[in-house]
Amino acid sequence: MRGTRDTPMKKATSRSPLKEPLLRLPGQSIDEQMDRLFNEKMLNYLLFALVFFLLASVSWMQAFNQSQLNPWFMSIVAAPVIAYCAFRFWQTAKEIKRLRLGRDGERAVAEQLDVLKRQGAVVFHDLIGDGFNLDHVVLSSQGVFVVETKTYSKPVKGSPPVTFNGKTVLVNGFEPERNPVTQAQGNARWLGDMLRASTGKEFPVRPVVLFPGWFVEPFPKGSSVWVLNPQALPSFIQHEPTRINASDLHLAAFHLARYIRAHARGFGPKTPVLLED
């Protein structure tokens, strides 16, 4: 609204010193999803149930005061609504608990990746694609590694393992509902295509699946996918031969950072485009 003579528009007296959006934090997508569940679902269910509870309570209070209103009608209407809201509230609370576990797993993995950063690697977290995200991306002289973190709760007793035969992952003897290996492979292909489109160069991209807190049995040699406990990843990468020179590593890191910041602004491309140095 434009200012008038009587109400002149006040000019801003300060501004943020940050010129660009920040890079994303580990588990940031999960934090955002938990916030949406709490604000858009849990609060709505709670408020809706509270409204009907208050309406029923008022009806009974009026009945005790010899009002002509029938409190049973409002109670019959309110009871199923309150029960439904309570059930949905409980379901949403369980979903938030599951998401919190996943977020904490991503943060635990990020702590292990700090070891690689001290050795010269570049690490990005929570890289957003079109309808999906990459938990972590590691750029090092040994290659590009797309890390998918899977955090599952464990039985109270025992130390069940995670096994990988080159195709199928079993967690405590059960196959996950969504194959994490297939997911990691798809993420790696997407990142390889994006880097090729944005830099004009091919980069070796390896998919990695990590299971924080689980004992992961050795997988077959020669597998294109690594399935590991997070603590083993730095050693695996360090034992790989050099595949990317310093110049190309800087180039890939520059374009990935540009991609992440562009999406943080809310108008980034959904398909990779060539970015100029």
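Reader: What volume does the largest pocket have?
Author: This is a predicted model. In it, the volume of the largest pocket is about 860 Å³.

Reader: Which residues are closest to the centre of that pocket?
Author: Arg98, Leu99, Gly102, Thr149 and Lys150, out of 26 residues that line the largest pocket.

Reader: And which elements give two or more residues to the lining?
Author: Three helices and two strands: H1 (28-64), H2 (71-117) and H3 (180-199), plus E2 (133-140) and E3 (143-149).

Reader: Where does the largest share of the lining come from?
Author: From H2, with eight residues.

Reader: How do the lining residues divide into nonpolar, polar and charged?
Author: Six are nonpolar, 10 are polar and 10 are charged.

Reader: Switching to salt bridges. How many are there?
Author: The count is nine.

Reader: Lys150 was on your pocket list. Which side chain does Lys150 meet in a salt bridge?
Author: That of Glu148, with an N to O distance of 3.3 Å.

Reader: Are Glu148 and Lys150 buried or exposed?
Author: Both Glu148 and Lys150 are buried.

Reader: What about Asp104, which residue does it form a salt bridge with?
Author: Arg103. The closest N and O atoms of Asp104 and Arg103 are 3.0 Å apart.

Reader: Is Arg103 buried or exposed?
Author: Arg103 has a relative accessible area of 14%, so it counts as buried, the cut-off being under 20%.

Reader: And why is Asp104 called partly exposed?
Author: Because its relative accessible area is 38%, and partly exposed covers the range between 20% and 50%.

Reader: Next, H3. Which residue does Arg196 form a salt bridge with?
Author: Asp193, with 2.8 Å between the closest N and O atoms.

Reader: How many residues apart are Arg196 and Asp193?
Author: Three, which is about one turn of the helix; both residues lie in H3.

Reader: Which residues does the salt-bridge network there join?
Author: Asp193, Arg196 and Glu202 are joined into one network by salt bridges that share partners.

Reader: What is the relative accessible area of Arg196?
Author: It is 34%, so Arg196 is partly exposed.

Reader: And what does Asp193 count as?
Author: Asp193 also counts as partly exposed, with a relative accessibility of 40%.

Reader: Give me a short recap of the three pairs.
Author: Glu148 and Lys150 are both buried. In the Asp104 and Arg103 pair, Asp104 is partly exposed and Arg103 is buried. In the H3 pair, Arg196 is partly exposed, and Asp193 is partly exposed as well.

Note on methods:
Residues are numbered from 1 along each chain as its sequence is written. This is a predicted model: local features need pLDDT of at least 70, side-chain atom pairs count only at pLDDT 80 or more; totals for chains, interfaces and linings use all residues. Side-chain values use heavy atoms; hydrogens and water are left out. On a 1 Å grid over the protein atoms alone, a cavity is a set of points where a 1.4 Å probe fits but cannot get out, and a pocket is an open set with protein on both sides within 12 Å along at least five of seven lines; lining residues have an atom within 4 Å of a point. Grid points are joined across faces, edges and corners, and a volume is the space filled by probe spheres set on the points. Helices (H or I, at least four residues) and strands (E, at least two) are DSSP runs, numbered from the N terminus. Ala, Val, Leu, Ile, Met, Phe, Trp, Tyr, Cys and Pro count as nonpolar, Asp, Glu, Lys and Arg as charged, and the others, Gly among them, as polar. A salt bridge is a side-chain nitrogen of Lys or Arg within 4 Å of a carboxyl oxygen of Asp or Glu. Buried means under 20% relative accessible area, exposed over 50%, partly exposed in between (1.4 Å probe, protein chains only).
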